[in-house]
Amino acid sequence: MRLITLISLATATATAQQYCPLPTTYKWKDSGVLAQPKNGWVSLKDFTTVPYQGKHLVYATTHDSGSTWGSMNFGLITNWSELASAPQNKMNYATVAPSLFHFAPKDIWVLAYQWGPTSFSYRTSSDPTNANGWSNVQTLFTGRITDSSTGVIDQAVIGDNSTMYLFFCGDNGKIYRASMPIGNFPGSFGSSYQVVMSDTTNNLFEAVQVYTLEGENPAKYLMIVEAIGSGGRYFRSFTSNNLGGSWTPNAANENNPFAGKRNSGATWTNDISHGELIRVTADETMLVNACNLTLLYQGRSPSSGGDYGRLPYRPGLLTLQR
């Protein structure tokens, strides 16, 4: 009886540990630089990552010493310390600012990205580890925005039980959203969209990501958006109970950021810039656990400057301290 009781208690404790309320103040531990670019690249950035067969799979944007953007993936790793020695596989087509996920309803992998033939594009695959095994390019979104020097950038795709949503930015102080019935995905979101949030350009700049928080009932969602502050790039966070609804600030200023110079613990970079939280599952729900938040991000030397594409961005990892 005592053994059964102890096992039951252990099981109950493990289950209870699956849920943590989302903080409103964050403190992180930084890994330092995880990898240096190879293959003649000078920058590795815009990371997207999923769990795959018990390991981490990472895709990223690249830039060479000239004017060419590209993309790549790393070989599978078990521990983040292995990223430095992992193979860096060049892609034969550019999938800039990629978003990788498994669309569970149709058992297919999706790689969404910007700067393709339409506003946003995607490719599909049955093997996401093969950097050059993706399908021909397909249309994800055809909408256009005004009052933006970049046009639409930095897509984030997420789904609930009935609907797929596309969030995106324009380097103009706005976050946008489009949607479609989940049964129509993968496919095009069309050209229509809504403005979800509006603020100054620096406060809502780019790199929006949206996640489902594990263990929340009713459902709760986390949005992070990159901002420009006096001390460098940083992330603001917002929450919502409805992917189609409004968003409430969570940790949303430079003095109390979701992740930034003030709370990252990083000494090698002032920028905590474009990346993704490490997900619990690879599917379209973008599920994260608030007990174990970890952010794969891009940073660079504070002394670097010059052309944006050639800025020496490198991967780093932040682990939430509770």
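**Exercise 1. Is Arg233 buried or exposed, and what is its relative accessible area?**

Solution. Start with the ground rules. This is a predicted model, where local features need pLDDT of at least 70, side-chain atom pairs count only at pLDDT 80 or more, and totals for chains, interfaces and linings use all residues. Residues are numbered from 1 along each chain as its sequence is written, and side-chain values use heavy atoms, with hydrogens and water left out.

Step 1. Apply the cut-offs: buried means under 20% relative accessible area, exposed over 50%, and partly exposed in between (1.4 Å probe, protein chains only).

Step 2. Arg233 has a relative accessible area of 13%, so Arg233 is buried.

Step 3. Place the residue. Arg233 sits in strand β16 (residues 232–240). Strands are DSSP runs of E, at least two residues, numbered from the N terminus.

**Exercise 2. Which side chains make polar contacts with Arg233?**

Solution. Step 1. Set the test: a polar contact is a pair of N or O atoms within 3.5 Å; within protein, one must be able to donate a hydrogen and the other to accept it, and residues adjacent in sequence count only if both atoms are side-chain atoms.

Step 2. The side chain of Glu206 meets that of Arg233 at 3.1 Å. The side chain of Glu226 does so at 2.4 Å.

Step 3. Widen the view to contacts (heavy atoms within 4.5 Å). Leaving aside residues up to four places away in sequence, Arg233 touches residues including Phe205, Ile228, Asp271 and Tyr308.

**Exercise 3. Find the salt bridges of Glu206 and Arg300. Which parts of the chain do they link?**

Solution. Step 1. A salt bridge is a side-chain nitrogen of Lys or Arg within 4 Å of a carboxyl oxygen of Asp or Glu. That rule gives nine salt bridges.

Step 2. Glu206 pairs with Arg233, with the closest N and O atoms 3.1 Å apart. The two are distant along the chain: Glu206 is in strand β14 (residues 206–213), Arg233 is in strand β16, and 27 residues separate them. Glu206 has a relative accessible area of 7%, so Glu206 is buried.

Step 3. Arg300 pairs with Asp271 at 3.2 Å, N to O. Arg300 lies in the loop between β21 and β22, and Asp271 in the loop between β18 (256–257) and β19, so this pair ties together parts 29 residues apart in sequence. Both partners count as buried: Arg300 at 19% relative accessibility, Asp271 at 7%.

Step 4. Look for shared partners. Glu206, Glu226 and Arg233 are joined into one network by salt bridges that share partners.

**Exercise 4. How many residues of strand β21 are buried, and which strands pair with β21?**

Solution. Step 1. Six of the six residues of β21 (residues 294–299) are buried, so the strand is largely enclosed by the rest of the structure.

Step 2. Sort the directions. Thr294, Leu296 and Gln298 point one way; Leu295, Tyr297 and Gly299 point the other way.

Step 3. Two strands pair if DSSP finds at least two bridges between them. Strand β19 (residues 273–277) pairs with β21 antiparallel over three bridges. Strand β22 (residues 314–320) also runs antiparallel to β21, joined by six bridges.

Step 4. Check Leu295. Leu277 stands opposite Leu295, and Leu295 stands opposite Leu318 in β22.

**Exercise 5. Which strands stand at the edges of the β6-β7-β8-β9 sheet?**

Solution. Step 1. The sheet is open, with four strands in the order β6-β7-β8-β9 and antiparallel pairing.

Step 2. β6 (96–103) and β9 (138–141) are the edge strands; each has a single partner strand, so one side of each lacks a neighbour in the sheet.

Step 3. Inside the order, six bridges join β7 (residues 108–114) to β8 (residues 120–125). Val110 stands opposite Thr124 in β8.
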